[in-house]
Amino acid sequence: MKRHLFVYISVLLTLVCGSALADFETDTLKTKDGGLRITYIGHGTLLFEFDEYVIHVDPVGRYADYSKQPKADLILITHEHGDHLDAKAIQAVQTEETKIILTKNCYEQLKQGTVMANGDTKTIDGLKIEAIPAYNIVHLREGNTPFHPKGAGNGYILTFGEQRVYVAGDTENIPEMKELQEIAIAFLPMNLPYTMTPEMVADAAKAFRPKILIPYHYGQTDPQTLVDLLKDEAEIEVRIRSLR
């Protein structure tokens, strides 16, 4: 009886989680260690499912009901702004075993997790994670303060099998980005005045040449502009996905 009850609950949880994600677009990527499923939640918020391993990136409750989302094995937070750091959403998908990777400023708010600074590399549950700088050079607040100062935010490269996936966070086309290599999928932000113009995204893509480029965090910017800018770059596949 206990076994039948366990199976029933497992199936029920699968159905609930599946229905919770049914309204979001997804992509899949094959790797030598299994399939990667990518769900586009909204703005700068993503969900990765690598076989049965669940990674939430910048979970924020305004884009999804996180009480209905799958529990996290790993949570990545790029920076402390409220459209990327939501303590309630984190709590909703967190378990006692969940690991959290975040910046120093995020840690000061959450009081938990493992801090990664720009340039750090860690292996979590066999998954290689690299923290990449994320900052503004051109776009500034009043008083010439960057919207995202250098050293405060992270992008992350996650290696799934042989496939390197880059989530840039809030950044411009900085020199560190242009030096990246062997990126299978790149998520680059494209909204003004906080991150990049389509021209900046195209400039970065031509430099480090990801196989697949997916603009995210694109606000009111027309993503078709990016498609047009890269129409002659046959080796870079631009995918436009719906983000809430």
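# Notebook: two sheets, two cores and a buried threonine

**Entry 1, overall view.** I began with the secondary structure, and the protein chain comes to six helices and 14 strands. Its radius of gyration is 18 Å, close to the 18 Å that the globule rule gives for 244 residues, so the chain is as compact as a globular protein of that length. I kept in mind that this is a predicted model. Along the principal axes, I found that the C-alpha trace spans about 65 × 40 × 30 Å. I then looked up burial: 52% of the 244 residues count as buried. For contacts with a separation of 6 or more, residues 24 or more positions apart account for 54%.

**Entry 2, the sheet of strands 1 to 7.** Next I traced the strands. Seven of them form an open sheet in the order 1-2-3-4-5-6-7, and the pairing is mixed. Strand 1 (25-31) and strand 7 are the edge strands, each pairing on one side only.

I followed the end of this sheet that leads to strand 7. Strand 5 (residues 74-76) and strand 6 (residues 99-102) run parallel and are joined by three bridges. In this pair, I noted Lys99 of strand 6 as the bridge partner of Leu74. Helix 2 (residues 87-93) goes with these two strands, and together they make a right-handed β-α-β unit.

Then I moved one strand along. Strand 6 also runs parallel to strand 7 (residues 114-115), here with two bridges. Leu102 stands opposite Val115 of strand 7. Which helix goes with strand 6 and strand 7 in a β-α-β unit? I found helix 3 (residues 104-110), and this unit is right-handed.

**Entry 3, the sheet of strands 8 to 14.** I looked up the other open sheet, which has seven strands in the order 8-9-10-11-12-13-14, with mixed pairing. At its edges I found strand 8 (121-124) and strand 14 (237-238), each of which pairs on one side only. Inside the order, strand 11 and strand 12 (residues 185-189) run parallel, joined by three bridges. Val167 has Phe187 in strand 12 as its bridge partner.

**Entry 4, the cores.** Phe187 came up again when I turned to the nonpolar cores. The largest has 54 residues, and Phe187 is among those with the most contacts inside it, along with Phe48, Ile55, Tyr166, Met177 and Leu188. Helix 5 (residues 198-208) gives the most to this core, with six residues. There is also a second, separate core of 19 residues, including Leu47, Leu85, Ile90 and Leu110.

I picked Tyr166 for a closer look. Not counting residues up to four places away in sequence, I found that Tyr166 touches Ile132, Tyr156, Ile157, Met177, Leu180, Ile183, Ile185, Ala186, Phe187, Leu188 and Phe208.

**Entry 5, Thr171.** I ended with a residue in the loop between strand 11 (163-167) and helix 4 (175-178), namely Thr171. Is Thr171 buried or exposed? Its relative accessible area is 0%, and buried means under 20%, so Thr171 is buried.

I then checked what surrounds this threonine. Leaving aside neighbours within four places in sequence, Thr171 is in contact with Pro133, Ala134, Tyr135, Met177, Pro189, Thr195 and Met196. What does the side chain of Thr171 have 3.1 Å from one of its polar atoms? I found the backbone nitrogen of Tyr135 there. Met177 is another link back to my earlier notes: it is in contact with Thr171, and it is also one of the residues with the most contacts inside the largest nonpolar core.

Terms used. Residues are numbered from 1 along each chain as its sequence is written. This is a predicted model: local features need pLDDT of at least 70, side-chain atom pairs count only at pLDDT 80 or more; totals for chains, interfaces and linings use all residues. Side-chain values use heavy atoms; hydrogens and water are left out. Two strands pair if DSSP finds at least two bridges between them. Helices (H or I, at least four residues) and strands (E, at least two) are DSSP runs, numbered from the N terminus. A crossover is right-handed if, with the strands pointing away from the viewer, the path from the first strand over the helix to the second runs clockwise. Buried means under 20% relative accessible area, exposed over 50%, partly exposed in between (1.4 Å probe, protein chains only). A polar contact is a pair of N or O atoms within 3.5 Å; within protein, one must be able to donate a hydrogen and the other to accept it, and residues adjacent in sequence count only if both atoms are side-chain atoms. Contact means heavy atoms within 4.5 Å. A nonpolar core is a set of buried Ala, Val, Leu, Ile, Met, Phe, Trp, Tyr and Cys residues joined through side-chain atoms within 4.5 Å. The radius of gyration is taken over C-alpha atoms; the globule rule is 2.2 Å times the number of residues to the power 0.38.
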